[in-house]
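The following exercises concern one protein chain, and each is followed by a worked solution. Please examine the sequence and the coordinates before reading on.

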Amino acid sequence: MDSASPDSERKQSPQVGVVVVSHSKRLADGLALLASQMARDVLIVPAGGLDADPEDKGNPDGGGIGTSYDAIEAAVNKVVDAGLACAIFTDLGSATMTVEMVVDMLDDEPVRFIDAPLVEATVAGAVAAQQGQDLDGVEREARRAISAFESESAGDGDSAAAPGEDAASDSTKDDDANGGGYSRRVKVADKAGLHARPAAKLAEMAADSKEGILVNDADADSAMSLMGLGAECGEEVTVSGDRSEKALIDSIADAIAAGLDE
């Protein structure tokens with residue numbers, strides 16, 4: 001079905017590119033590839049490992065484990081030269097220190113080091129950039145990815161059980177007692193469940209919401225929160241929000257029921 005297409009077409013082009021910095025070239029390259037699967041239009045540049053020895057082209061870790069000022073600077077310049085703001089994510093230690101030196105030298109450019117756990121922050125930040133958010137929005141979503149998992153752990157899954165308490169057989173419900181809320185219960189169609197790509201596509205659709213839409217207890221505009229649900233194929237989930245956003249809620253519910261993975 002085509003419910004996702006109109007929302008995708010309305011999105012503005014990404015304003016932010018991403019640089020992934022790691023001590024390991026393979027780690028940076030792999031994470032950039034993962035994030036690109038969820039943020040197809042975002043420029044994501046890996047900068048991992050030390051500078052390679054020109055005579056050792058077969059080394060998968062380039063020049064070895066470590067970080068290179070020149071490689072990081074080149075990656076950042078690639079993003080900036082494309083006319084984009086740049087969000088930089090790192091793993092640890094010297095990578096962070098090297099990035100801070102690069103940022104200090106580019107203080108007139110829209111470049112920002114975002115100090116957050118590498119994998120979750122990179123994925124969440126890239127998805128936010130795909131949604132057309134600015135540098136502040138990318139940083140906010142990168143940090144929000146961690147709080148989403150902390151909230152889930154603290155709640156022990158209690159809030160996720162709420163949709164199942166509704167014994168009604170209908171898949172649609174109006175909740176006038178709750179400020180005119182509206183919800184749809186649908187089964188997850190994707191064989192692998194709400195994993196990376198489906199979650200990213202749903203988050204992109206939900207970014208159009210003004211009031212906020214939930215899938216079970218997860219914010220629908222956060223791919224990391226949706227992935228954190230662990231919703232498997234055939235499992236029922238509830239898409240809910242304000243009655244004024246019925247059309248968007250229906251589009252998201254229909255997309256889940258039809259399947260989003262390609």
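**Exercise 1. Determine whether A145 counts as buried or exposed, and describe its surroundings.**

Solution. Step 1: A145 counts as buried because its relative accessibility is 1%, where buried means under 20% relative accessible area, exposed over 50%, and partly exposed in between (1.4 Å probe, protein chains only).

The model is predicted: local features need pLDDT of at least 70, side-chain atom pairs count only at pLDDT 80 or more, and totals for chains, interfaces and linings use all residues. Residues are numbered from 1 along each chain as its sequence is written, and side-chain values use heavy atoms, with hydrogens and water left out.

Step 2: A145 belongs to helix 6, residues 135-155. Helices (H or I, at least four residues) and strands (E, at least two) are DSSP runs, numbered from the N terminus.

Step 3: Leaving aside neighbours within four places in sequence, A145 is in contact with E120, A124 and M224; contact means heavy atoms within 4.5 Å.

Step 4: S225 is 80 residues from A145 in sequence, yet their C-alpha atoms are 6.9 Å apart.

**Exercise 2. Classify I146 by accessibility and state which residues it touches.**

Solution. Step 1: I146 also lies in helix 6. Step 2: I146 counts as partly exposed because its relative accessibility is 22%. Step 3: Not counting residues up to four places away in sequence, I146 touches P117 and E120. Step 4: The C-alpha atoms of I146 and E120 are 7.0 Å apart, with their positions 26 residues apart in sequence numbering.

**Exercise 3. State how many cavities of 30 Å³ or more the structure holds, and characterise the lining of the largest.**

Solution. Step 1: The structure holds one cavity of 30 Å³ or more. On a 1 Å grid over the protein atoms alone, a cavity is a set of points where a 1.4 Å probe fits but cannot get out, and lining residues have an atom within 4 Å of a point.

Step 2: The volume of the largest cavity is about 60 Å³. Grid points are joined across faces, edges and corners, and a volume is the space filled by probe spheres set on the points.

Step 3: The lining consists of A124, V127, A128, Q131, E141, D221, S222, A223 and M224. Two elements, helix 5 (118-130) and helix 8 (223-228), each give two or more residues to this lining. Helix 5 gives the most, with three residues.

Step 4: Sorted by class, the lining has five nonpolar, two polar and two charged residues. Here Ala, Val, Leu, Ile, Met, Phe, Trp, Tyr, Cys and Pro count as nonpolar, Asp, Glu, Lys and Arg as charged, and the others, Gly among them, as polar.

**Exercise 4. Describe the environment of T122.**

Solution. Step 1: T122 lies in helix 5. Step 2: T122 has a relative accessible area of 0% and is therefore buried. Step 3: Apart from neighbours within four places in sequence, T122 is in contact with V18, V20, L31, A35, F89 and P117.

**Exercise 5. Relate A199 and L194 to each other and to G228.**

Solution. Step 1: A199 is placed in helix 7, residues 196-206, whereas L194 is found in the loop between strand 6 (181-187) and helix 7.

Step 2: A199 is buried, with a relative accessible area of 0%; L194 is buried as well, at 4%.

Step 3: With neighbours within four places in sequence left aside, A199 is in contact with L194, A223, L226 and M227. On the same basis, the contacts of L194 are V188, A199, L202, L226, M227 and A231.

Step 4: A199 and G228 are 29 residues apart in sequence and 9.7 Å apart from C-alpha to C-alpha. For L194 and G228, 34 residues apart along the chain, the C-alpha separation is 9.0 Å.

**Exercise 6. Compare the span of helix 9 with the expected value, and state which of its residues are buried.**

Solution. Step 1: Helix 9 (residues 246-258) has 13 residues and reaches 18 Å from its first C-alpha to its last. Step 2: This is close to the 18 Å expected at 1.5 Å a residue, the expected span being 1.5 Å times one less than the number of residues. Step 3: The buried residues in helix 9 are L248, I249, D250, I252, A253, A255 and I256. Step 4: G259 follows helix 9 and has a positive phi, near 100 degrees.

How values were computed:
1 Å grid on protein atoms, 1.4 Å probe; cavity = no way out; pocket = protein on both sides within 12 Å on 5 of 7 lines; lining within 4 Å.
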